[in-house]
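Visitor: I am new to this structure and would like a close look at a single part of it. Please take me through that part slowly.

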Amino acid sequence: MNKNRMQKLLCLIGCIVLVAAMALSFAGCASTSAPETTSAQTEAVVGTSFQVVVTGPDGEEAAFDIVTNKATVGEALVEKGLIDGEDSEYGLYVTTVNGVTLDWDKDQKYWAFYIDGEYAMTGVDSTNVTEGAVYSFVAEG
């Protein structure tokens with residue numbers, strides 16, 4: 001083999017060895033532990049899930065799947081921005097659901113709260129979240 005060919009072969013082998021060494025070096029730096037999760041990601045994966053169905057004044061329905069670690073339906077829906085209202089001596093008086101505000105004094109309509117199709121005997125902020133339940137808000141009046 002001539003000297004020029006031998007140098008090219010040695011150079012090629014050296015490059016292959018260098019590339020292999022770099023690959024092994026980078027492989028050793030790879031982490032085998034699970035990636036860290038934020039509390040928001042944990043909440044989305046580990047929580048209680050339920051559904052909220054909203055029937056607006058026009059009769060149109062919208063359904064929302066909710067996953068939360070909150071204790072009450074009211075806390076969960078306020079946190080998600082789905083409901084808003086006023087604090088009263090009886091708890092949260094819901095005035096706005098899914099961006100629609102009803103005012104009894106103006107239009108004699110209010111948001112009725114239902115649990116699994118039954119008119120709720122508790123307020124939204126004193127109703128504990130139940131896995132798989134369906135909570136509804138219906139514009140009534």
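Which residues do ring pairs link into a cluster?

Guide: This is a predicted model, and what follows should be read with that in mind. The cluster consists of Phe50, Phe113, Tyr135 and Phe137, linked by ring pairs. In the whole structure, a search finds 5 aromatic pairs.

One of these pairs lies outside the list just given. The ring centres of Trp104 and Tyr110 are 6.1 Å apart and their planes stand at 65°; an angle over 60 degrees counts as edge-to-face, so this pair is edge-to-face. Trp104 has a relative accessible area of 41%, which makes this residue partly exposed. Tyr110 is also partly exposed, at 25%.

Back in the cluster, Phe113 and Tyr135 form a stacked pair, with 6.1 Å from centre to centre and 15° between the planes. This pair links distant parts of the chain: Phe113 belongs to strand 6 and Tyr135 to strand 8, and 22 residues separate them. Both Phe113 and Tyr135 are buried. In general, a pair of aromatic rings is described by two values, the distance of the centres and the angle of the planes.

The two strands that carry this stacked pair also lead to a helix. Strand 6 (110–115) and strand 8 (134–140) are among the elements that cover the buried residues of helix 3. Strand 1 (48–55), strand 2 (61–68) and strand 3 (83–88) are also included in that cover. Helix 3 spans residues 73–80, and its buried residues are Val73, Gly74, Ala76 and Leu77. Seen down the helix axis, these buried residues fall within an arc of 165°, so they line one face of helix 3. After the helix comes Gly81, which has a positive phi, near 80°.

Strand 3, part of the cover over helix 3, also belongs to a sheet. The sheet is open and has 3 strands in the order 3-4-5, with antiparallel pairing. Its edges are strand 3 and strand 5 (100–101), each of which pairs on one side only. Between strand 3 and strand 4 (residues 91–97) there are 6 bridges, in the antiparallel sense. Asp84 is found opposite Thr96 of strand 4. As a general point, the strands of a sheet pair through backbone hydrogen bonds, and the pairing may be parallel or antiparallel.

To return to the request: the cluster is made of Phe50, Phe113, Tyr135 and Phe137, and within the cluster Phe113 and Tyr135 are stacked and buried.

Notes. Residues are numbered from 1 along each chain as its sequence is written. This is a predicted model: local features need pLDDT of at least 70, side-chain atom pairs count only at pLDDT 80 or more; totals for chains, interfaces and linings use all residues. Side-chain values use heavy atoms; hydrogens and water are left out. Buried means under 20% relative accessible area, exposed over 50%, partly exposed in between (1.4 Å probe, protein chains only). Helices (H or I, at least four residues) and strands (E, at least two) are DSSP runs, numbered from the N terminus. The arc is that of the directions from the helix axis to the C-beta atoms. Contact means heavy atoms within 4.5 Å. Two strands pair if DSSP finds at least two bridges between them. Rings of Phe, Tyr and Trp (its six-membered ring) pair if their centres lie within 6.5 Å; planes under 30 degrees apart count as stacked, over 60 as edge-to-face and the rest as tilted.
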